[in-house]
Amino acid sequence: MSGKNDIERNDEVGYDAEDEGCGGCVGTLIWLISMLLICCTFPFSLFVTVKQVQEYQRAVIFRLGRVKKGGAVGPGLFFIIPCMDSIQVVDLRTVSFDVPPQEILTKDSVTVAVDAVVYYKINNPMSAVCNVTNAAQSTRLLASTTLRNTLGTKTLQDILADREDIAKHILGSLDSATDPWGIRVERVEVKDVRLPQQLQRAMAAEAEATRQARAKVIEAEGEQKASRALKEASDIISSSPAALQLRYLQTLSSISAEKNSTIIFPLPIELLGGLLPKKEQAVRM
């Protein structure tokens with residue numbers, strides 16, 4: 001099974017195989033002429049026959065339009081035949097790019113502008129060269145489309161609250177779509193969600209109204225607890241007349257501590273009963 005899969009993979013990306021008929025004869029003739037020219041111009045021919053790629057690069061060699069056996073070569077030095085071979089160098093380092101802000105209509109009919117950043121790298125140079133025309137540009141376009149399609153199924157509350165889950169969903173979709181291109185998407189981050197100005201003002205007014213309502217509820221609960229405490233205190237004081245006099249004295253002491261020139265002393269009406277004439281008392285009765 002593995003041998004069969006290797007044969008199918010080689011046919012898919014166009015590996016060099018033994019040509020039959022006229023193609024094989026022409027290829028052999030070109031190869032003989034090229035080797036003759038290389039030998040005649042040696043050592044100057046080394047400048048065009050020996051190539052170098054860096055540690056983070058790989059080179060895909062096409063010989064007479066077909067991929068050379070052995071796959072991508074590198075890093076280091078390798079030999080090519082100038083008249084027959086053409087090379088395409090692929091960078092294996094991680095690449096990052098910004099997804100332009102996308103105007104998206106959410107599930108609850110709110111228009112928002114969302115942008116993101118994507119990190120990816122090429123893990124199969126053969127597929128990146130043979131299966132797609134421009135791997136980088138294709139990945140950028142696919143990222144923009146995936147971002148729009150994913151966020152179009154979410155509500156505004158989901159977009160604002162579940163950024164990590166949305167980023168993971170976009171990452172999975174991009175990774176599976178770019179796998180035939182030899183690209184592995186490593187990370188996706190939603191950068192910013194910009195709301196219309198009118199919606200921002202409406203949300204700010206709603207939040208302010210919610211805070212005011214909560215503050216009024218807390219204030220009402222505080223007054224309720226205070227009135228309950230005052231009622232309990234009045235019940236205790238009414239049960240003992242001496243406690244009321246002590247409270248009067250305590251209030252007088254607190255007023256005098258503030259260096260006030262005027263002192264208000266509450267006097268019970270019972271104390272004035274003996275000073276009033278009896279007729280006035282009878283009239284009042």
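**A three-stranded sheet and its two helices**

Let's start with a pair of strands: S6 and S7, the latter covering residues 111-122, run antiparallel to each other and are joined by nine bridges. Within that pairing, valine 99 sits opposite alanine 116 of S7. Keep in mind that this is a predicted model.

Now bring in the third strand. The sheet is open, with its three strands ordered S6-S7-S8 and paired in the antiparallel sense. S6 (95-105) and S8 (183-194) each have a single partner strand, so they are the edges, and one side of each has no neighbour in the sheet. From one strand to the next, the twist averages 25°.

Next, the helices. H5, made of residues 135-151, lies across S6, S7 and S8, and its direction is at about 35° to S6. H7 (residues 163-178) packs on the sheet too, touching S7 and S8, and its direction makes about 145° with that of S8.

How do H5 and H7 cross? Their axes come within 10 Å and cross at roughly 135°. Angles from 65 to 115 degrees would count as roughly perpendicular and those over 145 as roughly antiparallel, so H5 and H7 come out as oblique to each other. The crossing of H5 past H7 is right-handed.

As for the side chains and residues involved, H5 brings Thr139, Leu142, Ala143, Thr146, Leu147, Thr150 and Leu151, which meet Ile166, His169, Ile170, Ser173, Leu174, Ala177 and Thr178 of H7. Sorted by character, the residues of this H5 and H7 contact are eight nonpolar and six polar, with no charged ones.

Note on methods. Residues are numbered from 1 along each chain as its sequence is written. This is a predicted model: local features need pLDDT of at least 70, side-chain atom pairs count only at pLDDT 80 or more; totals for chains, interfaces and linings use all residues. Side-chain values use heavy atoms; hydrogens and water are left out. Two strands pair if DSSP finds at least two bridges between them. Helices (H or I, at least four residues) and strands (E, at least two) are DSSP runs, numbered from the N terminus. Axes are lines fitted to C-alpha atoms, for helices over the stretch in contact, and angles run from 0 to 180 degrees between N-to-C directions. Contact means heavy atoms within 4.5 Å. Angles under 35 degrees count as roughly parallel, over 145 as roughly antiparallel, 65 to 115 as roughly perpendicular and the rest as oblique. A crossing is left-handed if the near helix is turned anticlockwise from the far one by less than a right angle, and right-handed if clockwise. Ala, Val, Leu, Ile, Met, Phe, Trp, Tyr, Cys and Pro count as nonpolar, Asp, Glu, Lys and Arg as charged, and the others, Gly among them, as polar.
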